[in-house]
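Dear colleague,

Please find below the structure that I am handing over to you. My findings follow it, and I would ask you to read them with the structure open beside you.

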Amino acid sequence: MSPEVVSKLREQLTTGDDVVDPKTWAGSVPAAFGIAPRLRIGAKRWLNVVWLLPIGWALLLLGVAAAQYLRGIPSVEAFVQAHPGTGFATTFATPMPLWLRAQHFLNLLFLTFIVRAGAQILADHPFLYWTRHSTPGKEWLRMQKAVPHIPLWTAKDDSLTLPKHIGLPGIRHSIGLARWWHLGVDTLWLANGIVFFVLLFASGEWRRIVPTSWQVFPDAASVLLQYLSLRWPADESWVAYNGLQMLAYFITVFVAAPLALVTGLGMSPALSTRFHAISKRLSIQSARSLHFLVLCWFLFFTFVHVTLVFATSALRNLNHIYTGTNAKDWVGFGIFAVSMAVVAITWFAASPLTLRHPRLIQRAGFALVGPAQRLFEHLDAEPGTYTEKDVSPYFWHNGKYPETAEYRALFDSQFADWRLHIHGLVENPVELSLADLRALPHHEQITQHFCIQGWSGIAKWGGVSMQTILDLVKPTPAAKWVVFYSLGDGADGGRYYDAHPIEQMRYHLTMLAYDMNGAPVSYGHGAPLRLRNEVQLGFKQVKWIAGIEFVADIAEVGGGYGGYNEDHEFFGYRQSI
Ligand SMILES: Nc1nc2c(c(=O)[nH]1)N[C@H]1C(S)=C(S)[C@@H](COP(=O)(O)O)O[C@H]1N2
Ligand SMILES: [Mo]
């Protein structure tokens, strides 16, 4: 192997910037604001969700009228009198402990970042589906115009811009940074949640929010009727929550929060590929849709919760939450105001901070979720999970197409002159033609692709197992990373590349694919050769491969962060979730 080839590939790499300039970000993508969300009704009709506001309002008014009518009926009123609301509940003579009140605030603070970053992630592929095929037109919710019938349309073309202080970090296609916020703060939120669960059960405070009698249901029904009839139940929350409160808190703490974790992990390529018994039922897209519905619950709960805190005795309630007293003074309100100032300051600082110090966010995020991602990377699954029947009718395109004259010439000659250069820390560097590759033992697998943006699709890949390549080139013990160079550039210019840990090259599902669904890989999907490493997300599956280099350390390649998106868009070099 000539050293020129080695240096030629490395020379085409560029380093990314260490600050984000929104004007030149992600290849200077212009802002795109999409449309008001549309819900699919039946096969082809779409409901603008803005209609849900007047519809919801009308239903509420109807509910109030119905409740007032019902309370005029003696037997119903007798039921309400018999079930004022808290009869079944354990009463507490002591205030909520300090740890509980502190955790309540931390929960709120963490959720502001999680929700904003989650919205930013959703905006990168603003469609939700129930099947793993992500077929345009089959989504049940979209916040973007219908996908146009343009052959090489990409998922990135459909990403949305969120306002700067709604999304985090609030510029288009900033999913790499948004994920650090979302997953990083998630670990803090989960840690807070685990401590909360432990203390809750160790202290007996759990009885405040876990119903221990079926009577919670008639009480909840009665309380709902009382609220709706606008003759509100007696407020006894200092000693006990009423049935409706208890159910709402129980669902939020014991159903919604765990579901957020489970559905979040349901989107992981490594976990989904390995634990197929689960992911077959909870497909990535069902997980993603449910994850969104959990968000809707949290927003709904927060809205009603905060409204009622202020609409019932506000000063007392704020004292319950902030000072642990039942006083009617302004102390609780004062601490509440300070805590809201903290929320507001961190809220408005988060996006500007992220754009100014993206590497800090990338490092801090990785420090928080990196250990979990490393853990899941060792899940080596075998082929055979999906069959031909599962192959997706539509497989999205993504990324930046190769536009060089060099690529054009190779493509026009059907890659007759294309050579795969494999070099670096190997005993036997080689140059393989497409015919050489096709002469090697054939490997086939039907697997699911997980794009970081959220879409997925199943395809049959044919080609050569990376184990075969390792046997051929014999990496030296010093080789720790395998770098895949593309013939094409990334969005900001400079060659696209990505690095993978060498252990993952020995996995059953790591291969170089020259066929897709029984035909040679097309131009859009990476002709003549692309990578498949199924424990990682889509951006690591380098298309239009030019060469492979075995190296000791990723720090010596490109910007040093392990790949093009890692260097330029602050992604992580390990992305098993
Ligand atoms: N060379 C190169 N490879 C690339 C990309 C790219 O921009 N350039 N995009 C990646 C991303 S983000 C995804 S999701 C997959 C998409 O593969 P597909 O177009 O076959 O669906 O390719 C990956 N490989
Ligand atoms: Mo992607």
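I begin with the ligand. An oxygen atom of ligand 1 lies 2.6 Å from an N or O atom in the side chain of His525. Please bear in mind throughout that this is a predicted model.

Two further contacts with ligand 1 deserve your attention. Lys543 places a polar side-chain atom 2.5 Å from an oxygen atom of ligand 1. At Gln541, by contrast, it is a backbone N or O atom that takes part, 2.9 Å from a nitrogen atom of ligand 1. How much of ligand 1 does the protein bury? Taken alone, ligand 1 exposes 530 Å², and the protein buries 99% of that area.

The surroundings of ligand 1 comprise 20 residues, and those that come nearest are Trp396, His525, Arg530, Gln541 and Lys543. Sorted by class, this shell has eight nonpolar, nine polar and three charged residues.

Next, I turn to the enclosed spaces. The structure holds five cavities of 30 Å³ or more, and the largest cavity contains about 80 Å³ of space. Its lining is made up of 13 residues; Thr273, Thr385, Tyr386, Thr447 and Leu509 lie nearest the centre of this cavity. Two elements, α9 (269-274) and β7 (443-450), give two or more residues to the lining of the largest cavity. The largest share, three residues, comes from β7. By class, this lining has four nonpolar, seven polar and two charged residues.

Where does the largest cavity lie with respect to domain 1 and domain 2? Both domain 1 (3-19 + 381-568) and domain 2 (38-138 + 156-356) give residues to the lining of the largest cavity, so this cavity lies between them.

The second largest pocket should be examined separately. About 890 Å³ of space lies in this pocket. It is lined by 37 residues, of which His182, Leu183, Gly264, Met267 and His291 lie nearest its centre. The lining of the second largest pocket has 26 nonpolar, eight polar and three charged residues. Helices α5 (98-123), α6 (175-203), α8 (243-265), α11 (284-311) and α14 (358-376) each supply at least two residues of this lining. Domain 1 and domain 2 each contribute at least three residues to the lining of the second largest pocket.

Finally, there are some points of backbone geometry. As background, most peptide bonds are trans, and most residues other than glycine have a negative phi. Against that background, please look at the bond that joins Leu168 and Pro169, which is cis with an omega of about 10 degrees. Pro169 is found in the loop between β4 (141-142) and α6. The peptide bond from Ala527 to Pro528 is also cis, and its omega is near 5 degrees. Pro528 has its place in the loop between β12 (519-520) and β13 (530-533).

Which sign does phi of Ala26 have, positive or negative? The phi of Ala26 is near 50 degrees, a positive value in a residue other than glycine. Ala26 lies in helix α2, which covers residues 25-28.

Yours sincerely,
A colleague

How values were computed
Residues are numbered from 1 along each chain as its sequence is written. Chains are lettered from A and ligands numbered from 1 in the order in which they are written. This is a predicted model: local features need pLDDT of at least 70, side-chain atom pairs count only at pLDDT 80 or more; totals for chains, interfaces and linings use all residues. Side-chain values use heavy atoms; hydrogens and water are left out. On a 1 Å grid over the protein atoms alone, a cavity is a set of points where a 1.4 Å probe fits but cannot get out, and a pocket is an open set with protein on both sides within 12 Å along at least five of seven lines; lining residues have an atom within 4 Å of a point. Grid points are joined across faces, edges and corners, and a volume is the space filled by probe spheres set on the points. Helices (H or I, at least four residues) and strands (E, at least two) are DSSP runs, numbered from the N terminus. Ala, Val, Leu, Ile, Met, Phe, Trp, Tyr, Cys and Pro count as nonpolar, Asp, Glu, Lys and Arg as charged, and the others, Gly among them, as polar. Domain bounds come from an automatic or database domain assignment. A residue is near a molecule or strand if one of its heavy atoms lies within 4 Å of it. A polar contact is a pair of N or O atoms within 3.5 Å; within protein, one must be able to donate a hydrogen and the other to accept it, and residues adjacent in sequence count only if both atoms are side-chain atoms. Accessible areas come from the Shrake-Rupley method with a 1.4 Å probe; for residues, only the protein chains shown count as cover.
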